[in-house]
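The following note was prepared for a colleague who wishes to examine the structure shown below. Its points are numbered for ease of reference.

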Amino acid sequence: QPPLKESKVDVLIVGAGPAGYMAALWLARLGINTKFIDKRSTKIFTGQADGLQPRVLEVFETFGFVDRALKEVAVGYEACFYEPHPETGRIRRVDKIPEGVPGISRFNGSVIHQGRIETWLSDAIEEFSGGKIAVERPFLPESLEIGGDEEYPVKVVLRKLPDDKAGPEQFGHKVQNGLYRQFEGDQNQQNGVDSQEDSLEVVRAKYVLGCDGAHSWVRKQLGIEHKGETTDYVWGVLDIVPVTDFPDIRKRCSIHSKDGGSIMVIPRENGIVRLYIQLREGAQHEDQDPVTPIISAAGEKEKPGKKGVRVDRTKLTAEHILATAQNIFQPYSLEVAEMHWFTAYQIGQRVATSFQKDERVFIAGDACHTHSPKAGQGMNVSMMDTFNLAWKVAYVVKGLARPSILSTYESERRAVAEELIAYDQRLSRLFSSKPGEIATEEFRAVIDRGSAFTTGCTVDYASSLLMDKPADAAAERYASPLATGLAIGMRLPDAKMIMQSDARPWFLNQRLLSTGQFRLLIFMGDYASVPALRAQMDGIGAFLAEPANSLQKLRDDGVLQTLLIHASRQDKVEWDDFPAVFRPRDERGVMDYWLVMADSGPSWHDDKTGEAYEKYGISKDVGAVVVLRPDGYVAKVAEPTVDGVKDIWKWLGRFVVGLESGATL
Ligand code: FAD
């Protein structure tokens, strides 16, 4: 036997869905040697997940491609509720509300199919990595072992499949569908893979990220359980261009009919509308796969609660799902001009018992949590999992941070997964119940409470090595008295201010790109009017500039960026007021003009600038230093003095390598 081909990589990503793509994006951005594989021979082109929450759009902006999304997506502004009339039984609109939470983000919840989103991610990965990172497919992992080699302790054997063996079945349907995503020869099938031994190769990795979906092979190799319940609620999905007299077809609608079930209407890009259609009532049992699409033979209903039911998925047709939808829509008509995709799925709500093994192999996305797609969260939460994880892995791979930071991935993301499952359980029960079983008010109250959560902007990470807040503040919003409007643990809310150098208005977050840096936002208040603040600003500037100061080293390593945000009149103060450290020059003498901003009221061309201090609860007479993590979450607040900066330095020293607390203070 010739020896197998072997390669060494820093990170191996298994699975190119939203979670895998986001991981690859961060790793590409931070220059990490990454191998990225998927078992399927092609990416997806239609269907699947479609909702983009505001927080994910904010994250896309930090990677520089949100404009691609904004050009193409359908944006949600208004939502309607339909219920049966008590006398006629015909559905009619009972309420209209804003879609999402007005003002929570610059972006509104948007909708487009997963294939487009994966294309933007893929293009950005190519650009950041100079073409070095791209999905290699079809590759099926065969074994995974941890241990042995100290530097590259994870050994994975991969099998290259022939392209024609790795396409998902379409069951002879003309219309693309997501009924079944596995293929013959897949591990989840009985009959094994028919390919040559020489198609095997060994990858040795420092870290492996299992982003391989609900049936995660990586999760199974680690012996991690996926705990929870599978219900008998069966829903169909149609992506169509409709022909209808339903007046609210271009708004998100929740429709409860009298006897026919429920529908959720989601307007999409290019005139498409997605319909989620209830196909079967529910009961709960625990012994089925979580999100295997289960298909009811046309018209036929299994008894709820029957265990281990496997229905013949080849019998489900788009026509059957459409007929159910037409029945619920009455008295409105519903015909189809174009049918793009369909599927059916059974609702399961599960969370993995652990998200990692030995802090060397991690799982993310659907591999960690599965739930119904109705809240539009699957893809979003999956991307945010690896947005949380991958920069931490990159820091450790580069030797910039201690491996102890990796434990914060599970502590931070498990809480989000559990909140999501709890919300999804409430939502699924309400959607699948009949009118009369639950009050309309109760239904809307759940949607209302959930809409903040589903924007993704309310995630609040608990106290940890990377979050400087009291341990007992975990359950409630915690803010420093120096910045009462900023919750430590939450992402930085946006505010518009003025660039000092050229007077251009900017939203602060537009300047805070995902570069992998921690950031000190030094809010120096109205330094021009408060002499003590000017002295403090000069003191911080001098301290940051000391060559012996290891903060300087952090800046050189690309770990830290310092920005100054003052509240004096932008047009009344002078550029030379600011310490040189905020106006650095490169080796050619060219100055960086983009590190000083003013939050000093309306600007020449924009009356919305100048609200940051108020929004963040920072006094213009006192100021504050806000520490942001590379993923944009507020991690610590300190006073704007040399002592405050030293306090931050000590805190960074808990996890940043070479900054042991106070070593060079
Ligand atoms: P996935 O998107 O599942 O990606 C996993 C990737 O890993 C796939 O590319 C797969 O080919 C690959 N893979 C799997 N096993 C291996 C292996 N052993 N080796 C190598 N590669 C592997 N969500 C919504 O919000 N709305 C919807 O309408 C919706 N519809 C859905 C319909 C279907 C049929 C499915 C399956 C899911 C749907 N979802 C929907 C859920 C949403 O797509 C997921 O939550 C989201 O895609 C999860 O992202 P992920 O990256 O964790 O996993």
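What volume does the second largest pocket have?

1. The second largest pocket. The volume of this pocket is about 680 Å³. The structure under review is a predicted model, and the values in this note should be read accordingly. The lining of the second largest pocket comprises 47 residues, and those that lie nearest its centre are Glu99, Gly100, Arg252, Ser451 and Thr454. Helix H9, which spans residues 440-454, supplies the largest share of that lining, with 4 residues. Divided by class, the residues lining the second largest pocket are 24 nonpolar, 15 polar and 8 charged.

2. The surroundings of the ligand. There are 31 residues around the ligand, and Asp38, Arg40, Arg274, Tyr276 and Asp366 come nearest. By class, this shell consists of 13 nonpolar, 11 polar and 7 charged residues.

3. Polar atoms facing the ligand. An N or O atom in the side chain of Arg274 lies 2.3 Å from an oxygen atom of the ligand. Arg274 is also one of the residues that come nearest to the ligand. Two further approaches involve the protein backbone. A backbone N or O atom of Ala19 is 2.9 Å from a ligand oxygen atom, and a backbone N or O atom of Lys39 is 3.1 Å from a ligand nitrogen atom. The ligand taken alone exposes 990 Å², of which the protein buries 93%.

4. Elements contributing to the ligand shell. Two or more residues of the shell around the ligand come from each of helix H1 (18-29), strand S9 (139-146), strand S15 (273-280) and helix H7 (378-397). The largest share comes from H7, which provides 3 residues.

5. Salt bridges. A search of the whole structure yields 39 salt bridges. One pair deserves separate mention: Arg137 forms a salt bridge with Asp38, and their closest N and O atoms are 4.0 Å apart. This pair links distant parts of the chain, 99 residues apart. Arg137 is situated in the loop between strand S8 (135-136) and S9, whereas Asp38 is situated in the loop between strand S2 (34-37) and strand S3 (51-52). Asp38 is also among the residues that come nearest to the ligand.

6. Backbone geometry. Which residues does a cis peptide bond with omega of about -10° join? These are Arg137 and Pro138, and Pro138 is found in the loop between S8 and S9. Arg137 thus appears here again, having been named above as the salt-bridge partner of Asp38. A cis peptide bond also joins Gln330 and Pro331, with omega of about 10°. Pro331 is found in the loop between helix H6 (318-329) and strand S17 (334-352). Asn270 is not a glycine, yet it has a positive phi of about 55°. Asn270 lies in the loop between strand S14 (262-267) and S15, and S15 is one of the elements that give two or more residues to the ligand shell.

7. Cavities. How many cavities of 30 Å³ or more does the structure hold? There are 3 of them, and the largest cavity contains about 190 Å³ of space. Its lining consists of 20 residues, with Arg55, Thr62, Asn509, Leu512 and Gly632 nearest the centre. Helix H2 (residues 54-62) makes the largest contribution to this lining, with 5 residues. By class, the lining of the largest cavity has 7 nonpolar, 4 polar and 9 charged residues.

Key
Residues are numbered from 1 along each chain as its sequence is written. This is a predicted model: local features need pLDDT of at least 70, side-chain atom pairs count only at pLDDT 80 or more; totals for chains, interfaces and linings use all residues. Side-chain values use heavy atoms; hydrogens and water are left out. A residue is near a molecule or strand if one of its heavy atoms lies within 4 Å of it. A polar contact is a pair of N or O atoms within 3.5 Å; within protein, one must be able to donate a hydrogen and the other to accept it, and residues adjacent in sequence count only if both atoms are side-chain atoms. Accessible areas come from the Shrake-Rupley method with a 1.4 Å probe; for residues, only the protein chains shown count as cover. Ala, Val, Leu, Ile, Met, Phe, Trp, Tyr, Cys and Pro count as nonpolar, Asp, Glu, Lys and Arg as charged, and the others, Gly among them, as polar. On a 1 Å grid over the protein atoms alone, a cavity is a set of points where a 1.4 Å probe fits but cannot get out, and a pocket is an open set with protein on both sides within 12 Å along at least five of seven lines; lining residues have an atom within 4 Å of a point. Grid points are joined across faces, edges and corners, and a volume is the space filled by probe spheres set on the points. A salt bridge is a side-chain nitrogen of Lys or Arg within 4 Å of a carboxyl oxygen of Asp or Glu.
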